[in-house]
Protein chains: 2
Amino acid sequence: MKIESVDFFYLSMSEVLDIGDGSQDSTLVRVRGGGLEGWGECEASPLPTIASYVCPMSHSACKPVKWAVEGMPLNRVEDIYQITRRVHENCFDLLQSDHTLSGIDIALWDLFGKYAQEPVYKLIGYNKAFPKLPYASQLFGDTPELTFEKAKASRHAGYKAVKFGWGPIGKAGAKTDGDHFRAAREGLGNDLYLMIDIGTVWNEDSDTARQRLDSLKEVNTYWLEEPFANMALGPYKALSVAKPNVPLAAGEGCNNYVQAAAMLDFAGLKYIQIDTGRIGGITSAKRAADHAVRKNITYVNHTFTSHLALSASIQPYAGLEKDIICEYPVEPKSLALDITLNKILPDADGMVRVPDQPGLGMEIDKSRLMEYLVNVEIKVRDEVIYRTPDLLS
Amino acid sequence: MKIESVDFFYLSMSEVLDIGDGSQDSTLVRVRGGGLEGWGECEASPLPTIASYVCPMSHSACKPVKWAVEGMPLNRVEDIYQITRRVHENCFDLLQSDHTLSGIDIALWDLFGKYAQEPVYKLIGYNKAFPKLPYASQLFGDTPELTFEKAKASRHAGYKAVKFGWGPIGKAGAKTDGDHFRAAREGLGNDLYLMIDIGTVWNEDSDTARQRLDSLKEVNTYWLEEPFANMALGPYKALSVAKPNVPLAAGEGCNNYVQAAAMLDFAGLKYIQIDTGRIGGITSAKRAADHAVRKNITYVNHTFTSHLALSASIQPYAGLEKDIICEYPVEPKSLALDITLNKILPDADGMVRVPDQPGLGMEIDKSRLMEYLVNVEIKVRDEVIYRTPDLLS
């Protein structure tokens, strides 16, 4: 078969708040070929992503992403790998293109899995999908008291691992940060995994980070996530050898495999966190997972939105038995929940698994999504080069 | 004063060819404040860049670039640095934003220089602008014979340094590559600097690169540029210690300072090439230049388009006396030449200097540009959020 059409849909809550919650809008991608359709999601700003798909060519290495995708053959797994190579060769001066590729690549795997009647994790080389332990991923409270309440609620909801991130952290001094860390630990109790996510607010400042190491050690954080900007290899490396030792996690900002490889090779990480919706999709995420295995670094998915994105994010390390920790969006907006009819839910043991169904195993709730659809029209030289496609067709 | 308006203009040749020539279109930025205007250029795909400036917010770290810029104060140099921090804090999940920031930052320095009546290189901390030796930057010929003719023509045109890149290189085996390298050297003669640019076509494959080291050494290349993808630190490091030793140059793809720092710290480079129109503008380029000085790595500008971009690209290392090599676009399209009324031309000694004028010292030829202006209109939810502004107003 051939890639017959690629359609981008901009979905959004009616109100988008200035908070660290990436589930408030979505860039959904539908790919069709051979009478089937596959779905993917870019973890990306919708409008620039759409623009990067349809824009006019600037030069041979700055073409619209569609140039590298539409009409291409899709008869074997190798054809999907070839799309990534074509995008990198033809669009590498178009910065947004890796985010755009992500949703397309995910949709291609979903489509090809339906065609081949195999789940994606098998197509990318795993024999078995192992259960993963979901951690609840949530924002710090505005005060330590609210953080404590949120932690207690997560414990009561049955989570065995909880990550707190963003919100006030890193903005009001070491003491306040420490109060939040301790509040989270006290609310969870000592038997749960606690992860701490700084959301890059310390930029490249390893001294500020060092001042928090004692309190991070005191609450026995499972990892310290993104203290610095993505690719700030020097500061990461310096903190990785500082005392007391706190395991570092990072990588969600990597927008291609070579960046992930650089982080794996040089940053001193214990955990690499890959967002399949940003790194270029399942193809590039699997390469990062293979590299992580070689470096003995634990792979963790990064995801914060829909269960379509969740399924896509687990496939690249579904077959890595020892890498059990799994990000799981615990308080997404209704849009993210409404994207799929089915959900990936914890079993009686509190574990989640990718669906043992063809492709990503998720069914899109198209009619439900109509209320979130944002109409977009882009004209260049008075010609319409993008208009929101028909979601229900 | 305040940043009163930021306007993006999409300019293009009427026909854009599928060749490695980035001068075929342009993303021009005009910033106004205090009755003055500054101009900058993003080395970026125009439509996604515009979209990233005006798009709706997705969440707190994925805002439109305009959110971080418009209405901000501009009374001192620190206010410009603050814009970069605001963009990184508020737009870091919007991948295109660094390319977008580049043109804005350049225009802010131009504007502030006009306000302060100082050239930009002085505002960023240099006392003096040293002369630079321009190298002619051109594409390899389609055959070794054509490469030879181009090299001979460059010698006759008076250049003392010539770089060949892209075109057929890396696509037809080590022998053909070697024939092109030798043809370039023979056409130039032994007394000129010759640089070779692979344009990343070897991706991460250091074995392929190693097979060319003998012929690169034979032609005494001054540097080997971008054999691998940007940020492919492992392959760069491996090649940097291979024999025979050929000096490596890279970095044009870095879209922020931390990436440039990673390349400087871990890639084994002898030359770091920074595109001011991609790295986030003069602010981030100067940070990279300072870091290069600390690492004893030579800074070189990367630029391939207008003389506005050329002036912006030299400012960050204008005061580094020993770093004399300067990329100089030798065969740009008419659009790139028509952007400015004045040009930066080699003096009697064949050297170029940044203009000793306020700001970037370049005057925009607005009326001339009308023939290149591409009208764009973007509607979201039936509301026009971008329409090409009036260039002549």
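In this predicted model, B:Pro244 lies in the loop that runs between helix H9 and strand E8 (248–250) of chain B. The peptide bond that leads into this proline, from B:Lys243 to B:Pro244, is cis, with omega near -5°. The corresponding place in the other chain can be inspected in the same way: A:Pro244 is found in the loop between helix H9 (233–240) and strand E8 (248–250) of chain A, and the bond from A:Lys243 to A:Pro244 is cis as well, with omega near -10°. Such bonds deserve a look, because most peptide bonds are trans.

A second backbone feature appears further along each chain. A:Asp382 has a positive phi of about 65° although it is not a glycine, and its place is in the loop between E12 and strand E13 (383–387) of chain A. With 8 other C-beta atoms within 10 Å, A:Asp382 is exposed, since a residue counts as exposed when 12 or fewer such atoms lie within that distance. In chain B, B:Asp382 likewise has a positive phi of about 65° without being a glycine; it sits in the loop between E12 and strand E13 (383–387) of chain B and is exposed, with 8 other C-beta atoms within 10 Å.

Strand E12, which comes before that loop, leads to the contact between the chains. Strand E12 (residues 376–380) of chain A and E12(B) pair in the antiparallel sense over 5 bridges, and in this pairing A:Val376 stands opposite B:Val380. Taken as a whole, the contact brings 51 residues of chain B against 51 residues of chain A. On the chain B side, the elements that give two or more residues are helix H1 (46–54), helix H3 (97–116), helix H9 (233–240), helix H10 (257–266) and strand E12 (376–380), and the largest share, 6 residues, comes from H10(B). The residues of this side divide into 26 nonpolar, 15 polar and 10 charged.

How are the two copies related? A rotation of 180° with 0.0 Å of shift along its axis superposes chain B on chain A, with an RMSD of 0.0 Å, and that is the relation of a two-fold axis. Because 100% of the interface residues of chain B are also interface residues in chain A, the copies meet through the same surface.

One residue to follow at this boundary is A:Leu94, whose place is in the loop between helix H2 (77–91) and helix H3 (97–116) of chain A. Leaving out residues up to four places away in sequence, A:Leu94 touches A:Ser52 and A:Cys62, and also B:Ser45 and B:Pro48. Is A:Leu94 buried or exposed? With 29 C-beta neighbours inside 10 Å, A:Leu94 counts as buried, because the cut-off for a buried residue is 20 or more. A:Ala153, by contrast, is 59 residues from A:Leu94 in sequence and 44 Å from it in space, C-alpha to C-alpha.

Chain A, viewed on its own, has 14 helices and 13 strands, and its C-alpha trace spans about 55 × 45 × 45 Å along the principal axes. A compact globule of 393 residues would have a radius of gyration near 21 Å, and chain A, with 21 Å, agrees with this. Of the 393 residues of chain A, 59% count as buried, and among its contacts with a separation of 6 or more, 74% are between residues 24 or more positions apart.

Within chain B, strand E6 (residues 193–197) shows how a strand can be placed in the interior: 4 of its 5 residues are buried, so E6(B) is largely enclosed by the rest of the structure. Strand E5 (residues 161–165) of chain B runs parallel to E6(B) and is joined to it by 5 bridges, with B:Ala161 opposite B:Tyr193. Between these two strands the chain crosses through helix H6 (residues 173–188) of chain B, and this β-α-β crossover is right-handed. E6(B) also runs parallel to strand E7 (residues 223–225) of chain B, to which 3 bridges join it, and here B:Met195 stands opposite B:Trp223.

The loop between E5 and H6 of chain B holds B:Pro168, which is partly exposed, with 19 other C-beta atoms within 10 Å. Beyond its neighbours within four places in sequence, B:Pro168 is in contact with B:Phe140, B:Asp142 and B:His180.

Methods:
Residues are numbered from 1 along each chain as its sequence is written. Chains are lettered from A and ligands numbered from 1 in the order in which they are written. This is a predicted model: local features need pLDDT of at least 70, side-chain atom pairs count only at pLDDT 80 or more; totals for chains, interfaces and linings use all residues. Two residues are in contact if their C-beta atoms, placed from the backbone, lie within 7 Å. Ala, Val, Leu, Ile, Met, Phe, Trp, Tyr, Cys and Pro count as nonpolar, Asp, Glu, Lys and Arg as charged, and the others, Gly among them, as polar. Two strands pair if DSSP finds at least two bridges between them. The radius of gyration is taken over C-alpha atoms; the globule rule is 2.2 Å times the number of residues to the power 0.38. Copies are superposed by least squares on the C-alpha atoms of residues with pLDDT of at least 70 in both. A crossover is right-handed if, with the strands pointing away from the viewer, the path from the first strand over the helix to the second runs clockwise.
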